[in-house]
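Hello,

Here is the structure I promised to pass on to you. Have a look at it first, and then read on for my notes on what turned up.

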Amino acid sequence: MGSSQISGDALLTTAARSSKQSAGVGKRKRLAETQEPARASDFFQATLDSLSSHIAVLDERGEIIMTNRSWGTFAVANDAVTAEGVGANYLVACDAAKDAEWAAHAASGLRAIIAGASSEFTIEYPCQQADVERWFLLRAARYEGTGSARVVVAHEDITARRAAEAEVATQAALLDEVDVAVIAIEPGGRVARWNDGAERLLGWTRAEAEGRDPMDFIADSGARAQEIVAKVRLDGHWEGRLTAVRRDGTTFPANLRHRLMVDGDGQPTGRVAVMVDITERVASERALLAAQNYMRAVADSMGEGLFTLDPNGHVVFMNEAAEKLLGWTARELQGRVMHAMTHSLRPDGSELRLEDSPILRAHRDGVTVHVEEDLFTCRDGRPLPVDYTAAPFVTDDGVEGCVVVFKDITERKARQQDMEGDVETLAWIGRIQDALAEDRFVLHEQPIIELASGEVVQRELLLRLCEPTGELVLPGAYLPIAEQYGLIDDIDRWVIDRATEIAAAGSPVELNLSAFSVGDPRVLDDIESALERTGADPRNLVFEITETALITDEAAAKTFADRLHTLGCKLALDDFGTGYGGFTYLKQLPVDFLKIDIEFVRDLPTSPASAHVVESVVALARAFGLKTVAEGVEDAQTLELLRDLGVDLAQGYHIARPRPLAQSVTPKTPDLVA
């Protein structure tokens, strides 16, 4: 209120204070004249005191002749401490507030009641207390009973009500400003409140809409409307899309939120519906869907895998090729971190941290990254070698992310490995040819001792290729290539020539020939020529053949063995005990030695089964008049067991390692003699 206006508390407290100035004699006289019988007065006073309103009773002159406790409490709170206002003239107090328009209006209304021109009067007025403004409702009613009392005045604190009304008014104003329809529906199902947004959206004025069935504004108002109302009553709310109808009959897509309102006891007090026009949103969604369908069709037509990630690396989209290559569906990976699912390992099998990922770097640095060889992990755990490009993107509406296009390079890597193998093979072909031309093949020997005497009775010759740098290369690195590309014949011929020269010097030797040479009749001619040229004793030459060579061409192998024996050379059946045809070959071939496979020698001290095999081979050899040779002897215990089992000859690292021929061991090794 303005500064010229006297507040309501001033009016009340002024009336209360004026009672101090009344003469004591006059006061007692007026009270005596109006006093009712004591009991009725006490009852009336108690009744007034039970009321929360501030109540005073005025006589025909406007003087206060009675107040209740609330009136006195209010007066005390505002520094009016005498006689609870009794004796003060309420009309005089109103007249004193000359610059308060409402005070004059109150005085006029009270005088009209006293004069009998009116039976009641009400007015709301503000009351300033310290820094807080309060509002009161003044109600005045005429009393027609006996005595001097003529008017009952009640003041009721309506501050909370006024605040609530102001809040409602503010909210209503705000609702009228928002561009959505807000519709309040009474318990009976009719529109009770219709904001300006509803009028703008649906075309009905507030006066036209209020009292109508809200389902009149829904196009499919039959079963759909009943479904919505039933859902609201059951769950307390409903939200969804529907088609709304304007006053002119046109329709539009709308989003409706419908909620049940209840009081403090949980009883329904009505419903509130909020409707939003989503025409533009629907159009945008349709356009976006069309664009997405177009882009999906394009992406799914690609042979390469494609996926997109958000700035945090979560999967947003995957095309069909990516699903097929990785084994995951887009639905399964959508929203998950792609790095953790498919890209946590490097090609060498070590861990790839997220912060080190080239895909993350593409988005972080805003650059396109191409990786020619990397590794993704498929759903089944299978590694997928890939070539990929990762590029960051930002859409017109600010959506950021990264698109990754990748392809399976398994076949490319296989071709590359084949090419690398071919290159290596070609290089080895040249190295073998150079070694033959430059006489850079060398022979090492490993002594074979007689277990009974400990003497070295013969030596197995082992082939090595000497590189120009002096490095020695074991035969496993080049013999398969030599066999595949027709160079093995030249190597075997070189070995035969060197072996016969050593045999000619009086040293018994064993040599290995390839399966190809065993089946080649020309090799037998080469052996015969070498024996004639060197004059070597053929009994000093033992040729080892494997079961593989025999299986390749049994007839040729038998011819080879028979002719060797005719020449006077000896034959050793290598790796005996590992194949299924060993016993048959014993019957068909003129074998002199059975070489027990290293598999049964290596674990002889710990394997009873191996001991049984060795014992059986020894018995078999003796039955056929053959000698046995144990390969791979690596410790003294094994050597002793072989001697106990009756094996004739032995070789291995425990006896002597392979060494160049120039470093031959002495004919006798005393420490190996029992």
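The expected span of a helix is 1.5 Å times one less than its number of residues. With that in hand, we can start with helix H20, and please keep in mind throughout that this is a predicted model. Helix H20 covers residues 521-534, so 14 residues by this rule give an expected 20 Å, and the helix reaches 21 Å from its first C-alpha to its last, close to that value.

Which residues of H20 are buried? They are Val523, Leu524, Ile527, Ala530 and Leu531. Looking down the axis of H20, you will find these buried residues within an arc of 125 degrees, so they line one face of the helix. On the other side of H20, Pro521, Arg522, Glu532 and Arg533 are exposed. The cover over the buried residues of H20 includes helix H18 (488-504), helix H19 (515-518), strand S20 (541-545) and helix H22 (554-567). Just after H20 comes Gly535, with a positive phi of about 75 degrees.

Helix H25 can be read in a similar way. This helix spans residues 608-624, which is 17 residues, and its end-to-end C-alpha distance of 25 Å is close to the expected 24 Å. Its buried residues are Ser610, Val614, Val617, Val618, Leu620 and Ala621. Viewed down the axis of H25, they fall within an arc of 165 degrees, so they line one face of the helix. Pro608, His612, Arg622 and Ala623 are exposed on the other side of H25. Gly625 follows H25, and its phi is positive, near 75 degrees.

Next, the aromatic rings. A pair of aromatic rings is described by the distance of the centres and the angle of the planes. How many aromatic pairs does the structure hold? There are 13. In one of them, Trp194 and Phe217 have ring centres 4.9 Å apart and planes at 55 degrees, so the pair is tilted. This pair links distant parts of the chain, 23 residues apart: Trp194 is in strand S7 (residues 191-194), while Phe217 is in the loop between helix H9 (206-209) and helix H10 (223-235). Trp194 and Phe217 are buried.

A further pair is Trp428 with Tyr478, where the centres are 5.9 Å apart and the planes stand at 35 degrees, so this pair is tilted too. Trp428 lies in helix H16 and Tyr478 in the loop between strand S18 (472-473) and helix H17 (479-484), so the pair ties together parts 50 residues apart in sequence. Both residues, Trp428 and Tyr478, are buried. The charged end of Arg431 sits over the ring of Trp428, 3.6 Å from its centre. Elsewhere, ring pairs join Phe307, Phe376, Tyr388 and Phe406 into a cluster, and the charged end of Arg657 sits over the ring of Tyr653, 4.1 Å from its centre.

Tyr478 comes up again with Ile432, a residue of helix H16 (residues 410-437). Is Ile432 buried or exposed? Its relative accessible area is 0%, so Ile432 is buried. The C-alpha atoms of Ile432 and Tyr478 are separated by 7.6 Å, though the two residues are 46 apart along the chain. Leaving aside residues up to four places away in sequence, Ile432 touches Phe441, Leu465, Tyr478, Ala482, Leu487 and Ile491.

One last residue to look up is Glu445, in strand S16 (residues 441-450). Glu445 has a relative accessibility of 0% and so counts as buried. Its side chain joins that of Arg459 in a polar contact of 2.8 Å.

Enjoy exploring, and best wishes!

Technical notes
Residues numbered from 1 in each chain as written. Predicted model: local features only at pLDDT ≥ 70, side-chain atom pairs only at ≥ 80, totals over all residues. Heavy atoms only, no water. Helix = DSSP H or I, 4+ residues; strand = E, 2+ residues; numbered from the N terminus. Buried < 20%, exposed > 50% of the residue type's maximum accessible area, 1.4 Å probe, protein only. Arc of directions from axis to C-beta. Polar contact = N/O pair within 3.5 Å; in protein donor to acceptor, adjacent residues only side chain to side chain. Contact = heavy atoms within 4.5 Å. Phe/Tyr/Trp six-rings, centres within 6.5 Å; stacked < 30°, edge-to-face > 60°. Lys NZ or Arg CZ within 6 Å of the ring centre and 35° of its normal.
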